[in-house]
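Dear colleague,

Please find the structure below, together with its sequence. My notes on what was found in it follow.

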Amino acid sequence: MNEATDNKETGSVTSIYHEFEAWQVNRGEKTIHAKRMPGFFRTIKNYTQLALWLPFFLVPYLRWNDKQAILFDIQNRQFHFFDIMVLPQDIWMLSLVLLIAAMTLFAVTSVASRVWCGYFCFQTAWTDWFTWIEDKIEGNPAARRKLDDAPMSLDKIKKKGIKHAVWMLLALLTGISFSVWFVDAYEYWNNLIHLNLPKVGWVVLAMFFFGTYILAGFLREQACIWLCPYARIQGVMGDAQTILPTYDTARGEPRGKLRKGGETGAPQGDCIDCFQCVQVCPTGVDIRHGQQLGCITCGLCIDACDAIMDKVGKPRGLIRYASLDEMSGKPTHKLYQHPRTLVYLAIILVAMSGIVYGLTHLGAMSLKVLPERQPLFVQMSDGSVQNKYAFKVLNKTDKDIHVKVTAESGLEGQMLIGAETPPLTHHGRGTSFTIFVKVPSKNLKQEITPIHFRVEGVEDPAVFAEYTSNFNGPKP
Amino acid sequence: MSDKHDAGGVPTTGHVWDGDLADFANQPPKWWMLGLTASAIWCVVYFLYYPSIPVSNTGSFFAGIGGWTAITEMEADKSVVDEVRGKYEDKLKDMTPAAILADNELTEYVTRSGKVLFGDNCAACHGTNGVGAADKLGLIAPKLNDDDWLYGGKIDDIHTTIMGGRQGVMTPHKDVLSAAEIDTLANAVAAGNPTSTPLFAEKGCTACHGEDGKGMAALGSANLTDGIWRFDGSLEGIKYTITNGVNVGPGSRDAVMPSFQAAGKLSDAEMKKLAVYVYKFGGGQAN
């Protein structure tokens, strides 16, 4: 190896150290005790969190026609949504729901960065509530740090004990609330109180209890930084047009402490280096280093900075929602000039129309007909040809129905055997039966003739389903 | 060189390779040590809980304190399956095949388990789904999916056949009929119209196949007027059958259905299942 390449390689490798020096990330060595300050974004965050997660706790208790209004009945493989019952056969709509969820996340993130993380995510919300409880019981961040460092005492045990008890209560409630989306809520409570849950019920409850307690109580922002894949995915979805909490470097720098006696000769920016933005940050980042992976864009630093700017008599917005374009002095674009967002919205629209189509075309019955393949047909003693069909009828109504079976093939002398007495189809699940179709072979003009089957309710012909299959015969 | 590798105060193990390579004497991380300890404990527990140590060359071994064996696990799994099937199997015990056939849900259950039974016990001769299996002399056993039955196609007839077996007989005619007579009869049968030749009645064919040539279920004689053949419907095949007979020793056609009741291989419920399964191939006749 010659001298030149050696130097070059060493140089390129050592440059990563410079990168590292500028890299600020909270690695969880110290618990973050964030200060809670009132403000515009604080208020928004309080409401958005509740708007999304209060229904999580309450909706399962909603009743509709004496049944749980929304119930993911996994055991019986049915999903109830008010009057609508979705069976596994219609589960393709779930993929569209997931698509909408993903695209909404993409669209929102492309416009205003990690809105989900900052204002809605369960990790953020539960951590926020857990630290609120901590704040109420143990006091403000300074008091909490002092308590953490203090030697064990009766007072410390009492405070910590109460805090953990309340945390566990909330964690338990979370586990219960999750569970009752999948089983009848009132029945679940009854079983829970009598310690009579099935094994899987206990496992789910334990998982969510410990999951909540550990993730919101201890792991907190570390989950966002090290555990959560969406944090990283969303990180790359922003571009120069995306607005996110940004420190206005041009206005703030050079930063300096506020001095008594007013201005000195040295030039000074608007940032008074008070560290309020860092102190209120739930993930412990310093926004003045720019956008970084720890930032969940919750806007709490904006509240803090605005409050300080008000106090020192300077205009608000030293930290504000701004795009990279705005900060670098480029012309900013309107929202409709952001093609990426429009593509996301288009995909959402397509998926939504798919769901609307699906829900309006659920039908009360569905039919599948599988022709026998070995043998395709049987020659009968009277010279006719017989085909065998396996019928699978899914009755989506709420009662068992007798169905009339008919077939339309245009073949003369066609006989339908096996449905002389209308078969009974059971509600909420599939019913199978076998049907034979017999046609005199002299009437068969081709090997394959399309045959159109129809099943309809004997009492209510409006409940019906159709399926087209083939009638097979010998080469004429 | 060595000043480039400042250990930052961390002691090294004291070994030095190649003049400047040394190992830090760092403690492994706590989580790693915890994992190692937990794994070690897990090994011991696992070792004691499950069968592990061969005790001697006699083949005995330490059975483990958990009492686990593969066969008990299999039995436990099987009991889960039996529980699901139980509610159907209980019903089947006291039902006739005809009663099973009248119940759509039971018929569906029975045809599913019948598929396996048929594959294990019947398909070797009758073919999968009863399509028939042939060797160079023709079909080994009758097709079961058409509506031509030697011994009757009602559900109880089929059940009786499975339980008791069947063995028809046709005498060989090589010593009774001339070659020309056999040829005439074979041509008439192949045309589907055996009564067209007076030989059919004169030579006593009607005794078994009936005056009209349509066979008799009581004897298991074949219907010679339809387009469905027990052995081989070609002219040569028909001549062979007339010449050599059925089930009368070497050279004759072999057509024996064993009795599954006598063989003791199938339970009563299984034979009922098979009867319904065969009936549902498409040729079963209503009572």
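**Nonpolar cores**

In this predicted model, the largest nonpolar core comprises 36 residues, and those with the most contacts inside it are A:Cys277, A:Cys301, A:Cys305 and A:Ile319. Two or more residues of this core come from each of helix H4 (115–120), helix H5 (122–138), helix H7 (154–179), helix H9 (199–219), helix H10 (221–227) and helix H14 (300–312) of chain A. The greatest contribution is that of H14(A), with 6 residues. Leaving aside residues up to four places away in sequence, A:Cys305 touches A:Gln276, A:Cys277, A:Leu318 and A:Ile319. There is also a second, separate core of 26 residues, which includes A:Phe436, A:Val439, A:Ile451 and A:Val455. As general background, nonpolar side chains tend to be buried together in soluble globular proteins.

**Helix H5 of chain A**

H5(A) has 17 residues, which at 1.5 Å a residue should span 24 Å; its end C-alpha atoms are 23 Å apart, and the two values therefore agree. The buried residues of this helix include A:Trp126, A:Phe130, A:Thr131, A:Glu134 and A:Glu138. Among the elements that cover the buried residues of H5(A) are helix H2 (40–58), helix H6 (141–149), H4, H7, H9 and H10 of chain A. After H5(A) comes A:Gly139, with a positive phi near 100 degrees.

**Backbone features in the loops**

Two cis peptide bonds deserve your attention. One runs from A:Glu253 to A:Pro254, with omega near -10 degrees; A:Pro254 belongs to the loop between helix H12 (249–252) and helix H13 (276–279) of chain A. Another joins A:Gln374 and A:Pro375, with omega about 0 degrees, and A:Pro375 is in the loop between strand S8 (365–371) and S9 of chain A.

The loop between H12 and H13 of chain A also holds A:Asp273 and A:Phe275. Phi is positive at A:Asp273, near 55 degrees, and likewise positive at A:Phe275, near 65 degrees; neither residue is a glycine. Are these residues buried or exposed? A:Asp273 has 14 other C-beta atoms within 10 Å and is therefore partly exposed. A:Phe275 has 11 other C-beta atoms within 10 Å, so this residue is exposed.

**A four-stranded sheet**

Chain A contains an open sheet of 4 strands in the order S13-S11-S15-S16, with antiparallel pairing. Strand S13 (424–425) and strand S16 (464–472) are at the edges; each has a single partner strand, so one side of each is left without a neighbour in the sheet. S13(A) pairs with strand S11 (residues 401–408) of chain A in the antiparallel sense over 2 bridges. In one of these pairings, A:His402 has A:Leu424 of S13(A) as its bridge partner.

**Contact between chains A and B**

Where the chains meet, 15 residues of chain A are in contact with 15 residues of chain B. On the chain A side, strand S9 (378–379), strand S10 (384–395) and strand S14 (430–440) each supply at least two residues. S14(A) gives the most to that side, with 4 residues. By class, the side of chain A that touches chain B is made up of 7 nonpolar, 7 polar and 1 charged residues.

With kind regards

Note on methods
Residues numbered from 1 in each chain as written. Chains lettered and ligands numbered in written order. Predicted model: local features only at pLDDT ≥ 70, side-chain atom pairs only at ≥ 80, totals over all residues. Contact = placed C-beta atoms within 7 Å. Nonpolar A, V, L, I, M, F, W, Y, C, P; charged D, E, K, R; others polar. Core = buried A, V, L, I, M, F, W, Y, C linked by C-beta atoms within 7 Å. Buried ≥ 20, exposed ≤ 12 C-beta atoms within 10 Å, placed from the backbone. Expected span 1.5 Å × (residues − 1). Pairing = 2+ DSSP bridges.
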